[in-house]
Amino acid sequence: MPRTQSLDIAAVARKSGVTSRTLRHYDAIGLLTPARTGRDGRRYYERPQLLRLQHILVLRELGTP
């Protein structure tokens, strides 16, 4: 079975327009947990997390605290 494509934190930050620091903060507060964390500590995100991030960004744009 093929593995789901994962994007590392740098790629997600670049594509979404948020900083890696923001993504780490979202992880720390339990808002957006990465799909997995590599042995080197790098966070990886997959489709469900990217959809959740999109939802978070829409809510943020609408002014939701």
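This report describes the fold, core, surface and salt bridges of a predicted model of one protein chain.

**Overall fold**

The protein chain contains three helices and three strands. Read from the start of the sequence, these elements come in the order β-α-α-β-β-α. Along the principal axes, the C-alpha atoms occupy a box of roughly 40 × 25 × 20 Å. The radius of gyration is 12 Å, which agrees with the value near 11 Å for a compact globule of 65 residues.

Of the 65 residues, 29% count as buried. The accessible surface of the protein chain is about 4,900 Å², and carbon and sulfur atoms account for 51% of that area. Among contacts with a separation of 6 or more, 48% join residues that lie 24 or more positions apart.

**The nonpolar core**

In soluble globular proteins, nonpolar side chains tend to be buried together. In this model the largest nonpolar core has twelve residues: L7, I9, A11, V12, A13, V18, L23, Y26, L32, Y45, L53 and I56. Helices α1 (9–16), α2 (20–28) and α3 (47–61) each supply at least two residues of this core. The most comes from α1, which gives four residues.

Which residues does L32 touch, leaving aside those up to four places away in sequence? The contacts of L32 are L23, Y26, D27, Y45, Q49, R52, L53 and I56. Several of these partners, including L23, Y26 and Y45, are also listed in the core.

Q49, one of the residues that L32 touches, is located in helix α3. Is Q49 buried or exposed? Q49 has a relative accessible area of 16% and therefore counts as buried, since the cut-off is under 20%. Again leaving aside residues up to four places away in sequence, Q49 touches L32, T33, P34 and A35.

**Salt bridges**

A search of the whole structure finds two salt bridges. They are set out below with the distance between N and O atoms.

| Salt bridge | N to O distance |
|---|---|
| R42 and D8 | 3.1 Å |
| R43 and D27 | 2.9 Å |

The side chains of R42 and D8 meet in one of these bridges. This pair links distant parts of the chain, with R42 in the loop between β2 (36–37) and β3 (43–45), D8 in strand β1 (residues 7–8), and their positions 34 residues apart. R42 has a relative accessibility of 39% and so counts as partly exposed. D8, in contrast, is buried, with a relative accessible area of 18%.

The other bridge is formed by R43 and D27. This pair also links distant parts of the chain: R43 belongs to strand β3 and D27 to helix α2, and the two are 16 residues apart. D27 is also among the residues that L32 touches.

**A nonpolar patch on the surface**

Which residues make the nonpolar surface patch of about 270 Å²? The patch is made by V58, L59 and L62. L59 lies in helix α3, the helix that also holds Q49. The relative accessibility of L59 is 32%, so L59 counts as partly exposed. Helix α3 thus carries buried Q49 as well as partly exposed L59, and α3 also supplies at least two residues of the nonpolar core.

Key
Residues numbered from 1 in each chain as written. Predicted model: local features only at pLDDT ≥ 70, side-chain atom pairs only at ≥ 80, totals over all residues. Heavy atoms only, no water. Core = buried A, V, L, I, M, F, W, Y, C linked by side-chain atoms within 4.5 Å. Buried < 20%, exposed > 50% of the residue type's maximum accessible area, 1.4 Å probe, protein only. Contact = heavy atoms within 4.5 Å. Patch = residues over 30% accessible without salt bridge, like charges linked within 9 Å, V, L, I, M, F, W, Y side chains within 5 Å. Areas by Shrake-Rupley, 256 points an atom, 1.4 Å probe, with all protein chains shown as cover. Salt bridge = Lys/Arg side-chain N within 4 Å of Asp/Glu carboxyl O. Rg over C-alpha atoms; globule rule 2.2 N^0.38 Å.
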